[in-house]
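Open the viewer and keep the selection box ready. This tour goes stop by stop, with something to select at each one.

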Amino acid sequence: MPALLTHVRFAFFLLAAGMLPITAMAEATLWGGRPEFGVEYEHEKMVDNVSHGNGLTLIPSLSFKNGPIHRIDLLVEGERDKEVDSGVTSFSNVYKVAVRVKKNVPLKGDLGMYFRGLVGRAKGESESYYYGYSDAALRYKRGFFGFIMGVRVQRALDGTSGHDVNKFRLGPSFDIGEHHELEFRWARSWEAHTHVHESDSYIA
């Protein structure tokens, strides 16, 4: 329980930091897009209920009202993993840099969809690899409240084994003022080829 409380306090500290207003950036444009900045904290719990990972991602972005692409993100992530195998505990660090694009598609009324694509590079202590994923999600948005439900297909782009997963994702979001938003996500991951349940993630 103390460890869980530590994760919760840390997540809310990051959320508060990410919400610090930078009015000048919010009103300015760069290459026709509005600069934005996000902070994401993820706790991934493996199916053995012992191994887990904690990740922090910084996400500077450009948001576009019109055009073929509505958002471009740069994701810079650091992850600390704990693995328990046959009673032996080990820790490792993984660092990732990626670029992601997003396309919004309105449907009817408060309903819409979005599609995202990402390409990135991951570097760990024992391996490095290129990876990518594609997202598709239904989105409900009304007033300050939003909710998404969708799937993600993630693959290693250079054939490195152990990184091909499929995910189901859902969760709410809340607008806070004109320029700030809180998002909460739950994601379940399966190994892409064996369809074995690998982990559950909790994201803010």
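Is Asn166 buried, partly exposed or exposed? Select Asn166 and show the surface. Asn166 is partly exposed, because its relative accessible area is 21%, and the buried class ends under 20%. Keep in mind that this is a predicted model.

**Stop 1: around Asn166**

Asn166 sits in strand 8, which covers residues 165-176. Now select its contacts, leaving out residues up to four places away in sequence. They are Arg152, Val153, Arg155, Arg188, Ser189, Trp190 and Ala192. Next, draw a distance from the C-alpha atom of Asn166 to that of His195. The viewer should give 8.4 Å, for two residues that are 29 apart along the chain.

**Stop 2: His195 and Asn49**

Stay on His195. His195 belongs to the loop between strand 10 (185-191) and strand 11 (197-203). Its phi is near 65°, a positive value in a residue that is not glycine. His195 counts as exposed because its relative accessibility is 57%.

Where does Asn49 lie? Select it and look at both sides along the chain. Asn49 is in the loop that joins strand 1 (34-46) to strand 2 (52-63). Phi of Asn49 is near 65° and positive, and Asn49 is not a glycine. With a relative accessible area of 57%, Asn49 is exposed.

**Stop 3: the whole chain**

Zoom out and colour by secondary structure. The protein chain has two helices and eleven strands. Starting at the N terminus, the order is α-α-β-β-β-β-β-β-β-β-β-β-β. The chain has 204 residues, and 34% of them count as buried. Its exposed area is about 12200 Å², with 63% supplied by carbon and sulfur atoms. Take the contacts with a separation of 6 or more: 41% of them join residues 24 or more positions apart.

Now colour by pLDDT. The mean over the protein chain is 86, and 86% of the residues reach 70 or more. Select residues 1-25. Here pLDDT stays under 50, and the model has 20 contacts beyond four places in sequence for this stretch. Where pLDDT is low, the predicted coordinates should not be read in detail.

**Stop 4: the nonpolar core**

Which residues make up the largest nonpolar core? Select Ile59, Leu75, Val94, Ala98, Leu118, Ala122, Tyr129, Tyr131 and Tyr133: these nine residues form it. Strand 4 (88-106), strand 5 (111-124) and strand 6 (128-142) each give two or more residues to this core. Strand 6 gives the most, with three. In soluble globular proteins, nonpolar side chains tend to be buried together.

Pick Ala122 from this set. Beyond its neighbours within four places in sequence, Ala122 is in contact with Val94, Tyr95, Lys96, Glu127, Ser128, Tyr129 and Tyr131.

**Stop 5: charges over rings**

Two tyrosines of the core are worth a second look. Show Tyr131 together with Lys96. Lys96 lies over the face of Tyr131, 5.4 Å from the ring centre. Then show Tyr133 with Arg152. Arg152 lies over the face of Tyr133, at 3.8 Å from the ring centre. Arg152 also appears among the contacts of Asn166.

**Stop 6: the phenylalanine cluster**

How many aromatic pairs does the whole structure hold? The search finds five. Select Phe144, Phe145, Phe174 and Phe184, which ring pairs link into a cluster.

Focus on Phe145, in strand 7 (residues 145-156). Phe145 counts as partly exposed, at 28% relative accessibility. Apart from neighbours within four places in sequence, its contacts are Tyr140, Pro172, Ser173 and Phe174. Draw one more distance, between the C-alpha atoms of Phe145 and Pro172. It comes to 7.3 Å, across 27 residues of chain.

**Stop 7: Ile72**

Finish on strand 3 (residues 71-85), where Ile72 lies. Ile72 is partly exposed, with a relative accessible area of 35%. Ile72 touches Pro60, Ser61, Leu62, Phe64, Val99, Arg100 and Val101, if residues up to four places away in sequence are not counted. The C-alpha atoms of Ile72 and Ser61 are 5.6 Å apart, and the two residues are eleven apart along the chain.

Key
Residues numbered from 1 in each chain as written. Predicted model: local features only at pLDDT ≥ 70, side-chain atom pairs only at ≥ 80, totals over all residues. Heavy atoms only, no water. Core = buried A, V, L, I, M, F, W, Y, C linked by side-chain atoms within 4.5 Å. Buried < 20%, exposed > 50% of the residue type's maximum accessible area, 1.4 Å probe, protein only. Helix = DSSP H or I, 4+ residues; strand = E, 2+ residues; numbered from the N terminus. Contact = heavy atoms within 4.5 Å. Areas by Shrake-Rupley, 256 points an atom, 1.4 Å probe, with all protein chains shown as cover. Phe/Tyr/Trp six-rings, centres within 6.5 Å; stacked < 30°, edge-to-face > 60°. Lys NZ or Arg CZ within 6 Å of the ring centre and 35° of its normal. pLDDT = per-residue confidence, 0-100.
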